[in-house]
Amino acid sequence: MRTILSGVAFKTSEPLRVYAEHRVQSWLGHLERSLDVVTVKLSNEDGPEGRRTRCRLLARPGRGAGLAVDLVVEEASADIYEAIDRAPERMASAFELATRKRKRPVQAGV
């Protein structure tokens, strides 16, 4: 599983990349065989509550994952590290939910 960090009108740094990769690995490392690439996109936005950083994770499943679509989660926070912390946790939950729904048996109407 590769992790790619990019910024949208946002300058990323090496320490930020290392931090994001660490958080992604800590939450999604057990899915290494199921995910090919996890892209972490960071952007800043201004809103009524002030400036916030949005962390968007896009996970591309591998062939063995059994999923045909990419999974996307977003997390926003005033603290960039908090947004990076919470997004991989939500991605792990989304992946588990998506695979659980796929494995649910189909009931025939009687």
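Is R60 buried, exposed or partly exposed? R60 is partly exposed, because its relative accessible area is 43%, and buried would need under 20% and exposed over 50%. The views below come from a predicted model.

**View 1. A salt bridge joins D70 and R60.**
The side chains of D70 and R60 meet at 2.8 Å, counted from N to O. R60 belongs to strand β3 (50-61), while D70 sits in the loop between β3 and β4 (71-77), so the pair ties together parts that are 10 residues apart in sequence. D70, with a relative accessible area of 32%, is partly exposed.

**View 2. Helix α1 has a buried side and another side with exposed residues.**
Helix α1 covers residues 14-28. At 1.5 Å a residue, its 15 residues should span 21 Å, and the C-alpha atoms at its two ends are 21 Å apart, which agrees. L16, A20, R23, V24 and L28 of α1 are buried. These residues cover an arc of only 100° around the axis, which puts them on the same side of α1. P15 and H22, on the other side of α1, are exposed.

**View 3. E14 and R17 form a salt bridge within helix α1.**
The closest N and O atoms of E14 and R17 are 2.2 Å apart. Both residues lie in α1, three residues apart, which is about one turn of the helix. E14 counts as partly exposed because its relative accessibility is 46%. R17, at 28% relative accessibility, also counts as partly exposed.

**View 4. E75 of strand β4 pairs with R86 of helix α2.**
This is a salt bridge in which the closest N and O atoms are 2.9 Å apart. The pair links distant parts of the chain: E75 is in β4 and R86 is in α2 (residues 80-103), 11 residues apart. E75 counts as buried because its relative accessibility is 13%. R86 is partly exposed, with a relative accessible area of 28%.

**View 5. Shared partners join E45, R54, R56 and E74 into one network.**
The links in this network are salt bridges. For the structure, the count of salt bridges comes to 12.

**View 6. S77 is a buried residue of strand β4.**
S77 counts as buried because its relative accessibility is 5%. The side chain of S77 reaches the backbone nitrogen of D79 at 3.2 Å. Leaving aside neighbours within four places in sequence, S77 is in contact with R52, T53, E82, A83 and R86. R86 is also the salt-bridge partner of E75.

**View 7. Y19 and Y81 form an edge-to-face aromatic pair.**
A search of the whole structure finds one aromatic pair. The ring centres of Y19 and Y81 are 4.9 Å apart. The ring planes of Y19 and Y81 stand at 85°, and planes over 60 degrees apart count as edge-to-face, so this pair is edge-to-face. Y19 lies in helix α1 and Y81 in helix α2, so the pair ties together parts that are 62 residues apart in sequence. Y19, at 25% relative accessibility, counts as partly exposed. Y81 counts as partly exposed at 38% relative accessibility.

Key. Residues numbered from 1 in each chain as written. Predicted model: local features only at pLDDT ≥ 70, side-chain atom pairs only at ≥ 80, totals over all residues. Heavy atoms only, no water. Helix = DSSP H or I, 4+ residues; strand = E, 2+ residues; numbered from the N terminus. Expected span 1.5 Å × (residues − 1). Buried < 20%, exposed > 50% of the residue type's maximum accessible area, 1.4 Å probe, protein only. Arc of directions from axis to C-beta. Salt bridge = Lys/Arg side-chain N within 4 Å of Asp/Glu carboxyl O. Polar contact = N/O pair within 3.5 Å; in protein donor to acceptor, adjacent residues only side chain to side chain. Contact = heavy atoms within 4.5 Å. Phe/Tyr/Trp six-rings, centres within 6.5 Å; stacked < 30°, edge-to-face > 60°.
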